[in-house]
Amino acid sequence: MDRDQIRTRIEEAGNLPTLPDVVIRITEMADRAETTGRQLGLEIAKDQVISAKVLRLVNSGFYGFSQPIATVPHAVTLLGFETVKTLVLGSTVLDMMKDALPGLWEHSMACARTSALIAEHALLDDVQEVCTAGLLHDLGKVVLRQSMEDAFRTVVSLVQERDWLFVEAEEHVLGAHHGHFAGWLLEKWGLPDRLVRPIADHHNFHEDQPFARSTAVVHLADILCRAEALGRGGDRKIPRLNPAALEILGMAIDDVLGVMERMSEEMRDIRRV
Ligand SMILES: [Fe+2]
Ligand SMILES: [Fe+2]
């Protein structure tokens, strides 16, 4: 299979989450300038399953709120339209993430929070959005499992037998990896590039690419979570850090150690979930 064929396979896979009507409505509302946070929150609150999941995410520790958030309109006020919109999307894939690979959900949660810590440290404009990119960065592993189960199984056994990185085994089997797979699905869902690129490129950081700083955040956060053994990504090795990612974020090793210290302070919250 070449890349175009894989992409078509993913776009046409019947068992991947599709955008529920409520998400389409929310997306349209969020894009209209006159919509208030309260209106948006009330619209989401009409769907009980989605709002329960959104509230669970908001209260799960990785956004760092000290007080519990009880209502969706309140969550919209705190997080902003874009983040809530993406959380609504994320809520549709949470259960699949839990089923796909042991430890992937914990890894995703830890990466979300670590992305937020790095983004705050490096003074990025939209911390919440980068946090959401961190949450969804390995979604492509779920996409692979759901759309090409044979290839997924081959990848998993290569990882175990040869002690490869998951991403190496995917490249070997398919000539593309879970960053690409997630990117294709999220583009099909119509999500903006500034959210899609950091997810698609988290294993291929390059300082000249669009949205390089937020991509650098997710790239670094993923590696730190692996190094700290926060959850699991399906393999035993740790991807290599591209030093240009630290450079573009203006971070030195001491800054990284500072972030890691804050991560371990917060881990109790994340483990509780
Ligand atoms: Fe990854
Ligand atoms: Fe990861």
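**Figure 1. Overall fold of the predicted model.** Buried residues account for 47% of the 273 residues in the protein. The structure shown is a predicted model. Its secondary structure consists of 17 helices and zero strands. The C-alpha trace extends over about 50 × 45 × 35 Å along its principal axes. The radius of gyration is 18 Å, which agrees with the value near 19 Å for a compact globule of 273 residues. Of the contacts with a separation of 6 or more, 67% join residues that lie 24 or more positions apart.

**Figure 2. Close-up of helices α2 and α3.** Helix α2 comprises residues 21–31 and helix α3 comprises residues 37–45. Their axes come within 10 Å and cross at roughly 180°. Because the angle is over 145 degrees, α2 is roughly antiparallel to α3. On the α2 side, the contact is formed by Arg25, Ile26, Met29 and Ala30. These residues meet Gln39, Leu40, Glu43 and Ile44 of α3. By character, the residues of this contact divide into five nonpolar, one polar and two charged.

**Figure 3. Close-up of helices α14 and α15.** Two packed helices are described by the angle between their axes and the distance between the axes. For helix α14 (residues 193–200) and helix α15 (residues 212–227), the axes come within 8 Å and cross at roughly 40°. The crossing angle therefore makes α14 oblique to α15. The crossing in which α14 passes α15 is right-handed. Arg194, Arg197, Pro198 and Ile199 are the residues of α14 that take part in the contact, and in α15 they meet Ser214, Thr215, Val217 and Val218. The contact of α14 with α15 contains four nonpolar, two polar and two charged residues.

**Figure 4. Close-up of Ala244 and its surroundings.** Ala244 is located in helix α16, which spans residues 243–248. This residue has 15 C-beta neighbours inside 10 Å and therefore counts as partly exposed; a buried residue would have 20 or more, and an exposed one 12 or fewer. When neighbours within four places in sequence are left aside, Ala244 is in contact with Phe205 and Glu207. Val256 lies twelve residues from Ala244 along the chain, and the C-alpha atoms of these two residues are separated by 14 Å.

How values were computed:
Residues are numbered from 1 along each chain as its sequence is written. Chains are lettered from A and ligands numbered from 1 in the order in which they are written. This is a predicted model: local features need pLDDT of at least 70, side-chain atom pairs count only at pLDDT 80 or more; totals for chains, interfaces and linings use all residues. Axes are lines fitted to C-alpha atoms, for helices over the stretch in contact, and angles run from 0 to 180 degrees between N-to-C directions. Helices (H or I, at least four residues) and strands (E, at least two) are DSSP runs, numbered from the N terminus. Angles under 35 degrees count as roughly parallel, over 145 as roughly antiparallel, 65 to 115 as roughly perpendicular and the rest as oblique. A crossing is left-handed if the near helix is turned anticlockwise from the far one by less than a right angle, and right-handed if clockwise. Two residues are in contact if their C-beta atoms, placed from the backbone, lie within 7 Å. Ala, Val, Leu, Ile, Met, Phe, Trp, Tyr, Cys and Pro count as nonpolar, Asp, Glu, Lys and Arg as charged, and the others, Gly among them, as polar. The radius of gyration is taken over C-alpha atoms; the globule rule is 2.2 Å times the number of residues to the power 0.38.
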